[in-house]
Amino acid sequence: MDYLNLDELLKGLVGGYGNECSCDTTVIDVNDSINLDISKGCSTSGCSINDLNLEEKKASSDKKVPVGISNRHIHLSQRDLDILFGPNYQLTPIKDLKQPGQFACKETIVLAGPKGCFEKVRILGPVRPQTQIEVSQSDLFKLGLKAPVRESGDLAGSGRAIVIGPKGQLALEEGLIVAKRHIHMHTDEAKLYGLQDQDIVSVKTDGEKGLIFQNVLVRVGEKHALEYHIDTDEANAAGLSNSSEIEII
Ligand SMILES: [Zn+2]
């Protein structure tokens, strides 16, 4: 569709929180929305790979990186959080992610478009200056929405979406992206690997569905932990799980 009429969508699709959705699922009710469902919820990070210590890495010429698969999720601004959950709402952390300071929250939202919606989309904290929703290309087909492949935080002119919470709803003019595949790396590891922030590398995966990913962004900083972040489409294409490892080539 060329034009997404958000007003009409809001009227027809989400006349009220808990009303029937025009897509093939039902908009969840308030109680359902805050059900804790970690097993089906956000699988972002939660990586169980052991951290090799730097000495072990030095002993290896391979530039190995553990995989962290991002399921669809949302980062909210405090303003948008208040609209969805009520004034001065505070998120409830339930699980620390591998990236320091990042956490999965108890709270979830409904993400909707003209063709469908997803219930129980996990909120990741802490709050950010601008709301950002990360989905896969397959998710966009189901929603009937479009979004560019972008680095986190690069949201100007990104995709539109409807977000529904227990206390309100948002018609976002931008903020929907397919995250550009990237590697988080601590400054010390970057030195070891001979890489810098914003470098672009290729990575190789093993196994029956092994393949080479190009255009992988390297993000380096003191608050980054070594991890290759991809979405569920990419993980499935390569047969990867959160216990997989890739090699920078
Ligand atoms: Zn990431």
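What percentage of the 249 residues of the protein chain count as buried? In this predicted model, the share is 41%. The chain holds seven helices and 14 strands. Among its contacts with a separation of 6 or more, 71% are between residues 24 or more positions apart.

**The cores**

Let's start with the largest nonpolar core, which has 32 residues. Ile-74, Ile-109, Val-110, Leu-111, Ala-161, Val-163 and Leu-176 are the members that touch the most others. At least two residues of this core come from each of the elements in this table:

| Element | Residues |
|---|---|
| α4 | 78–85 |
| β4 | 103–112 |
| β5 | 117–125 |
| β8 | 159–164 |
| β9 | 169–179 |

A second core, separate from that one, has 18 residues, including Tyr-193, Val-203, Leu-226 and Ile-248.

Ile-109 is a handy residue to click on in your viewer. Leaving aside residues up to four places away in sequence, Ile-109 touches Ile-74, Leu-84, Val-121, Ile-123, Val-163, Ile-164 and Gly-165.

**The barrel**

Now for the strands that close up on themselves. Six of them form a closed barrel in the order β1-β13-β10-β12-β11-β14, and the pairing is mixed. On average, neighbouring strands of this sheet are turned by 40° against each other, direction ignored.

Within the barrel order, β10 sits next to β12. Strand β10 covers residues 182–186 and strand β12 covers residues 212–221; the two run parallel and are joined by five bridges. For a place to look at this pairing, try Ile-183, which stands opposite Val-218 in β12.

How values were computed
Residues numbered from 1 in each chain as written. Predicted model: local features only at pLDDT ≥ 70, side-chain atom pairs only at ≥ 80, totals over all residues. Pairing = 2+ DSSP bridges. Helix = DSSP H or I, 4+ residues; strand = E, 2+ residues; numbered from the N terminus. Axes fitted to C-alpha atoms, helices over the stretch in contact; angles between N-to-C directions. Buried ≥ 20, exposed ≤ 12 C-beta atoms within 10 Å, placed from the backbone. Contact = placed C-beta atoms within 7 Å. Core = buried A, V, L, I, M, F, W, Y, C linked by C-beta atoms within 7 Å.
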